[in-house]
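Me: Got a minute to go through a model with me? I'd like to talk about its pockets and its sheet.

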Amino acid sequence: MASQKYDVVLLDIEGTTTPISFVHDVLFPYVTNNLKQFIESRWDDPSVQAHVQALAEQAAADIAAGTDGCVAINLDDNTEAVQRQVLENIEWQMRADRKVGALKALQGYMWRFGYERGELQGVMFTDAVDAVRMWSRAGRRVFIYSSGSVEAQKLIFGFSDHGNLLEYVEGHYDTRVGAKVDASSYTAIVRDIGVCPDRVLFVSDSIRELEAADKAGLQTILSVRPGNAPVGEHTFSTSSDFTQIPL
């Protein structure tokens, strides 16, 4: 458990506050099942075009880096060809479970329509909800750091099966601050929040993320949830019920 007092709780989402199955069995299929109709029907929407531009820039960077399997997006081609390239590029990225910002932003944009229509509802572990409320009442500041876009994070918490939980979350971070396996990302987050690293408790289901946070000086706890990937030997404290984490 937390080795000392903390002022800030930094939470992962997938496998921590939310079951992995919700992300992989509900959110991702929602995108793949609706992608073609969504892109084609909203092609002239400036927001969609901004996402297409970002995906094309990411594709160019991937090709320059020699990323295996990358699908190019040539915006100078005709509309039908560009749409086909965009769809193939997104499908390739999702098969590879990539964590790049352009993909996550487009997914978040699509999910918003699903949540607002009542087709999607965020799923939260009950103890995570209770803990977030407990931390808030106790004066602890709660932040989220997930590979999903900030918009996607807010949708899960804002349209959750426990109601709108955004009032308990002070801020959100995604991979625009840096990769979750890099210690420098946690240093940047702590600096932005304005606290000392050892006053921040980071909870995640990923050993590599915990190692990076630990290197940056944060306190850490490994989230143990049904459906999470097995982890090897480690020295991190664990929790399957966040309400039992000492204040």
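Me: Which residues lie nearest the centre of the largest pocket?
Reply: Keep in mind that this is a predicted model. Nearest the centre of the largest pocket are Asp12, Glu14, Lys99, Ser147 and Glu209. The full lining counts 28 residues.

Me: And what volume does the largest pocket have?
Reply: About 560 Å³. Four elements give two or more residues each to its lining: α1 (20-41), α4, α6 and α8.

Me: Which of them gives the most?
Reply: That's α1, with five residues.

Me: How does the lining of that pocket divide into nonpolar, polar and charged?
Reply: There are 11 nonpolar residues, eight polar and nine charged.

Me: OK, switching to closed space. How many cavities of 30 Å³ or more does the structure hold?
Reply: Just one. The space inside it comes to about 30 Å³.

Me: What lines the cavity?
Reply: Phe28, Gln93, Met94, Asp97, Arg98, Leu103, Lys104 and Gln107. The elements with two or more residues in that lining are α3 (79-95) and α4 (101-116).

Me: Which element gives the most there?
Reply: α4 does, with three residues. By type, the cavity lining has three nonpolar, two polar and three charged residues.

Me: Now the sheet. What's the strand order?
Reply: Six strands, running β3-β2-β1-β4-β5-β6. The sheet is open and its pairing is parallel. At the edges sit β3 (171-173) and β6 (238-239), each pairing on one side only.

Me: How many bridges link β2 and β3?
Reply: Three, in the parallel sense, with β2 covering residues 141-145. Within that pair, Ile144 of the one strand stands opposite His172 in β3.

Me: Which helix lies across those two strands?
Reply: Helix α6, residues 150-158. Its direction is at about 135° to β3. Helix α6 also turned up earlier, among the elements giving two or more residues to the lining of the largest pocket.

Me: Where does α8 pack?
Reply: Helix α8 (residues 207-215) packs on the sheet, where it touches β4 (200-204) and β5 (219-223).

Me: What angle does it make with β5?
Reply: About 175° between the direction of α8 and that of β5. Like α6, helix α8 is on the list of elements that give two or more residues to the lining of the largest pocket.

How values were computed. Residues are numbered from 1 along each chain as its sequence is written. This is a predicted model: local features need pLDDT of at least 70, side-chain atom pairs count only at pLDDT 80 or more; totals for chains, interfaces and linings use all residues. Side-chain values use heavy atoms; hydrogens and water are left out. Two strands pair if DSSP finds at least two bridges between them. Contact means heavy atoms within 4.5 Å. Axes are lines fitted to C-alpha atoms, for helices over the stretch in contact, and angles run from 0 to 180 degrees between N-to-C directions. On a 1 Å grid over the protein atoms alone, a cavity is a set of points where a 1.4 Å probe fits but cannot get out, and a pocket is an open set with protein on both sides within 12 Å along at least five of seven lines; lining residues have an atom within 4 Å of a point. Grid points are joined across faces, edges and corners, and a volume is the space filled by probe spheres set on the points. Ala, Val, Leu, Ile, Met, Phe, Trp, Tyr, Cys and Pro count as nonpolar, Asp, Glu, Lys and Arg as charged, and the others, Gly among them, as polar.
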